[in-house]
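User: Hey, got a minute to go through a model with me? I'd like to talk about a few residues in it.

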Amino acid sequence: MDFLKRISDFLWNESFWLPMNVSWRDLTHTPERPYPSFHALLYPIPLALFVYLVRLTVEKVIYEPIGRSLRIPCRKAHNVSPNPILEASYKWSRRLTHADILGLAKRCDMTERQVERWFRHRNAIRRGLTSQLDKFKETGWRFTFYLGIFLYGVWVLSDKPWFQDSSYVWTEYPFQVRSDKERLNVPSVNLLSVWLCFADSYVGCVVVLYD
């Protein structure tokens with residue numbers, strides 16, 4: 001236990017992380033000064049499930065109908081016929097020259113087009129049998145998620161002086177109190193975790209937005 005305590009004291013050395021005449025005891029959470037809490041790091045666990053359910057809903061309700069209306073193919077790759085020679089060649093290299101294709105076609109008694117089709121289907125299987133419609137839905141979800149998170153971040157930080165002038169990010173450090181809107185920024189707590197630990201929520205919020 002003494003060894004672990006020495007490691008903890010070294011990692012959380014007050015002289016390194018905090019200004020002079022400030023200790024970790026000064027950062028105790030109070031109703032008047034709501035400092036970040038380590039318990040906030042538990043929020044991403046249920047939120048991850050919630051975001052996943054939202055993703056399934058958005059992809060199914062919004063982007064799948066759009067993709068079908070645009071006639072984006074939803075066919076998935078079929079399983080390839082077993083071929084030890086082609087499988088061994090595929091594991092050796094997934095990129096074939098024309099000479100490689102000719103050699104494999106002769107060894108397997110196949111046409112060049114059949115060899116190319118076999119490798120194309122094998123690549124599709126390796127990527128998870130995804131169709132073009134699946135890729136379209138995933139891209140649509142990413143666009144929706146990142147646009148929404150960015151706009152939300154702009155709204156949270158729009159009235160903060162340190163959003164436009166980075167010299168403010170160290171103001172009152174480490175006694176920085178989060179506003180009500182910043183407390184609502186729970187989905188970004190995974191990126192804020194390091195800055196929460198060091199009581200610098202200003203830097204953390206700006207980093208999350210620009211990330």
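Analyst: Sure, here is a quick chat about three residues, and keep in mind that this is a predicted model.

User: Let's start with Glu-59. Where is Glu-59 placed?
Analyst: Glu-59 sits in helix H3, which covers residues 44–69.

User: And is Glu-59 buried or exposed?
Analyst: Glu-59 has a relative accessible area of 11%, so it counts as buried, given that the cut-off for buried is under 20%.

User: What does the side chain of Glu-59 make a polar contact with?
Analyst: The partner is the side chain of Arg-55, at 2.9 Å.

User: Which residues does Glu-59 touch, leaving out those up to four places away in sequence?
Analyst: Glu-64, Lys-137, Glu-138 and Trp-141.

User: OK, switching to backbone stuff. What's up with the phi of Arg-71?
Analyst: Arg-71 isn't a glycine, yet its phi is positive, at about 60 degrees. Most residues other than glycine have a negative phi.

User: Where is Arg-71 found?
Analyst: In the loop between H3 and helix H4, the latter being 84–92.

User: Why does Arg-71 count as exposed?
Analyst: Because its relative accessibility is 76%, and exposed means over 50%.

User: Which phi does Asp-109 have?
Analyst: A positive one, about 55 degrees, although Asp-109 is not a glycine either.

User: Between which helices does the loop with Asp-109 lie?
Analyst: Between helix H5 (98–108) and helix H6 (112–126).

User: And is Asp-109 buried or exposed?
Analyst: Asp-109 is exposed, with a relative accessible area of 73%.

Technical notes: Residues are numbered from 1 along each chain as its sequence is written. This is a predicted model: local features need pLDDT of at least 70, side-chain atom pairs count only at pLDDT 80 or more; totals for chains, interfaces and linings use all residues. Side-chain values use heavy atoms; hydrogens and water are left out. Helices (H or I, at least four residues) and strands (E, at least two) are DSSP runs, numbered from the N terminus. Buried means under 20% relative accessible area, exposed over 50%, partly exposed in between (1.4 Å probe, protein chains only). A polar contact is a pair of N or O atoms within 3.5 Å; within protein, one must be able to donate a hydrogen and the other to accept it, and residues adjacent in sequence count only if both atoms are side-chain atoms. Contact means heavy atoms within 4.5 Å.
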